[in-house]
Amino acid sequence: MENTDILVSGAGIAGPTLAYWLRKAGFTVTVVERAPGLRPGGQTVDVRGAGRTVVDRMGLLGRVRELSVDQRGLALVKASGRIAARMPADAFGGEGIVSEIEILRDDLGRLLYEATLPDTEYLFDDSVTGLREDADGVTVTFEKAAPRRFGLVVGADGPHSVVRSLAFGPEAEFLSPLGVHTAWFTVDEDLDLDGWFQMYNAPGGLVASARPGRLPGQSKVSLSFRSGPIGYDRRDPEAQRRVVAERFAGLGWKVPRLLRAMGSASDFFLDSMGQVRLDHWSRGRAVLLGDAGYCPTPLTGLGTSLAMVGGYVLAGELAAADGDHRAAFAGYDRVMRPYVSQAQELPPGGASGYAPRSAFAIGARTLSMRGMNHWPMRNIMAAQFAKAGDIALPDYALPAAV
């Protein structure tokens, strides 16, 4: 590959991880990001299994631990606020639903971004609009920047990937919705959580949850509801807030308080849950990474691990292929495919287990939670949690951080 300039679309978790390792391998990297800067907000994400190994090889594990959020575990609560079932953070060796290392998504993203500086170019507040490939590379057009030439283009731009749409086809061909929509936002007040990630289920497939943030008096909130496709403008947050408020009107627990706080939350975000599945993650000189290629949904707790491991493997295969991007993409698929396939297997019950529709199903879910530390549920859940480390991570000839 004569042109060693690589464009990465997306500055979330996958993109900067890939950029870090590509620079170690001697490539020149440009990252384009639609947002005007690093995206604020977001919930806590797990750093577990092979993802933790990649963080360690980057020399960032100590900083990740320093920034991790102190949580006692997951607690299912009733409308009155009484805890009905709980799973402490030390369950399953610290690899349970709430893992030993949980870090806010924006904190992890900032760490990864800073690790790529000053050797990586970032184009914020811009996006790819066109790809024209030829025998020697790809001419990329942008919304704002002038057209540029790259040897390869990587779509690390999430489940609604622009690169995937341009190189592979319409989103509907690859994104399978689970029938769940979720709003995320930050509440800057003490919600009396006592250190627990508290989750409240209400009939109709409604889920309200809040967990401690890293800063005192800060909480991270999500409001999920079961629904088929709904019409709303993704660029109109006020309309989205109205959709969420209508769904959760009249509920108990802390929901009225959360809805009031939602109105002024600066990091409010609403999206549907869905899995991205493709037979091949590359087409010509374009390749997909993380949620753009194989989003497993937040229900698995493995999206961060897939993003970071995928970035490390893709960079390693490109470094080992001696300029042959086709061989590199084939190696990337060979190493990652089994890991991705297992990670995309949803926990028992899937969307119905997360957001039961009936009071009876909610009660059954509570009983299931109580039994997770006992046979046979313990074995089933242990297998789910073990998927994060179920990959023989290659030791590529890339200089690790000292």
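**Exercise 1. Work out the order of the strands in the six-stranded open sheet, and find its edges.**

Solution. Start with the order: this predicted model has an open sheet of six strands that runs β7-β2-β1-β11-β18-β17, with mixed pairing. Next, look for strands that pair on one side only: these are β7 (121-124) and β17 (282-283), the edge strands.

Now zoom in on one pair. Strand β1 covers residues 5-9 and strand β2 covers residues 28-33; five bridges join them in the parallel sense. To see one spot along this pair, find leucine 7, which stands opposite threonine 30 in β2.

Finally, check what lies across the sheet. Helix α10 (residues 325-343) crosses β11 (152-155), β17 and β18 (286-288), and runs at about 15° to β18.

**Exercise 2. Do the same for the three-stranded open sheet: give its order and explain what happens at its edges.**

Solution. The order is β8-β9-β10, and the pairing is antiparallel. Take the edges next: β8 (128-134) and β10 (148-150) each have a single partner strand, so one side of each has no neighbour in the sheet. As for the twist, neighbouring strands here are turned by 30° against each other on average, ignoring direction.

Then pick the pair β8 and β9. Strand β9 spans residues 137-142, and six bridges join it to β8 in the antiparallel sense. Here aspartate 134 stands opposite glycine 137 in β9.

**Exercise 3. Describe the largest nonpolar core and say which helix gives the largest share of it.**

Solution. A bit of background first: in soluble globular proteins, nonpolar side chains tend to be buried together. In this model, the largest nonpolar core has 80 residues. The residues with the most contacts inside that core are Val309, Val313, Leu318, Tyr332 and Met336. The largest share, nine residues, comes from helix α9 (residues 303-320).

Let's follow one of those residues. Skip the neighbours within four places in sequence, and methionine 336 is in contact with Trp281, Tyr294, Leu306, Val309, Gly310, Val313 and Ile391. A second, separate core has 28 residues, including Ala183, Val243, Phe248 and Ala265.

**Exercise 4. Compare the ring pair of tyrosine 122 and phenylalanine 124 with the ring pair of tryptophan 184 and phenylalanine 269.**

Solution. Begin with tyrosine 122 and phenylalanine 124. Their centres are 5.6 Å apart with 10° between the planes, and the pair is stacked. Are these residues buried, partly exposed or exposed? Tyrosine 122 has 14% relative accessibility; buried means under 20%, so tyrosine 122 counts as buried. Phenylalanine 124 has 24%, so it is partly exposed.

Now the other pair. The ring centres of tryptophan 184 and phenylalanine 269 lie 5.9 Å apart and the planes meet at 25°; planes under 30 degrees apart count as stacked, so this pair is stacked. Where do the two rings sit in the chain? Tryptophan 184 is in strand β12 (residues 175-187) and phenylalanine 269 is in strand β16 (residues 269-276), so the pair links distant parts of the chain, 85 residues apart. Phenylalanine 269 has a relative accessible area of 42%, so it is partly exposed.

**Exercise 5. Find the ring cluster and two arginines that lie over a tryptophan face.**

Solution. For the cluster, look for Tyr20, Trp21, Tyr312 and Tyr396, which are linked by ring pairs. For the arginines, go to tryptophan 196: arginine 86 lies over its face, 5.0 Å from the ring centre. Then go to tryptophan 281, where arginine 337 lies over the face at 3.9 Å from the ring centre.

Definitions and conventions. Residues are numbered from 1 along each chain as its sequence is written. This is a predicted model: local features need pLDDT of at least 70, side-chain atom pairs count only at pLDDT 80 or more; totals for chains, interfaces and linings use all residues. Side-chain values use heavy atoms; hydrogens and water are left out. Two strands pair if DSSP finds at least two bridges between them. Helices (H or I, at least four residues) and strands (E, at least two) are DSSP runs, numbered from the N terminus. Contact means heavy atoms within 4.5 Å. Axes are lines fitted to C-alpha atoms, for helices over the stretch in contact, and angles run from 0 to 180 degrees between N-to-C directions. A nonpolar core is a set of buried Ala, Val, Leu, Ile, Met, Phe, Trp, Tyr and Cys residues joined through side-chain atoms within 4.5 Å. Buried means under 20% relative accessible area, exposed over 50%, partly exposed in between (1.4 Å probe, protein chains only). Rings of Phe, Tyr and Trp (its six-membered ring) pair if their centres lie within 6.5 Å; planes under 30 degrees apart count as stacked, over 60 as edge-to-face and the rest as tilted. A charge sits over a ring if NZ of Lys or CZ of Arg is within 6 Å of the ring centre and within 35 degrees of the ring normal.
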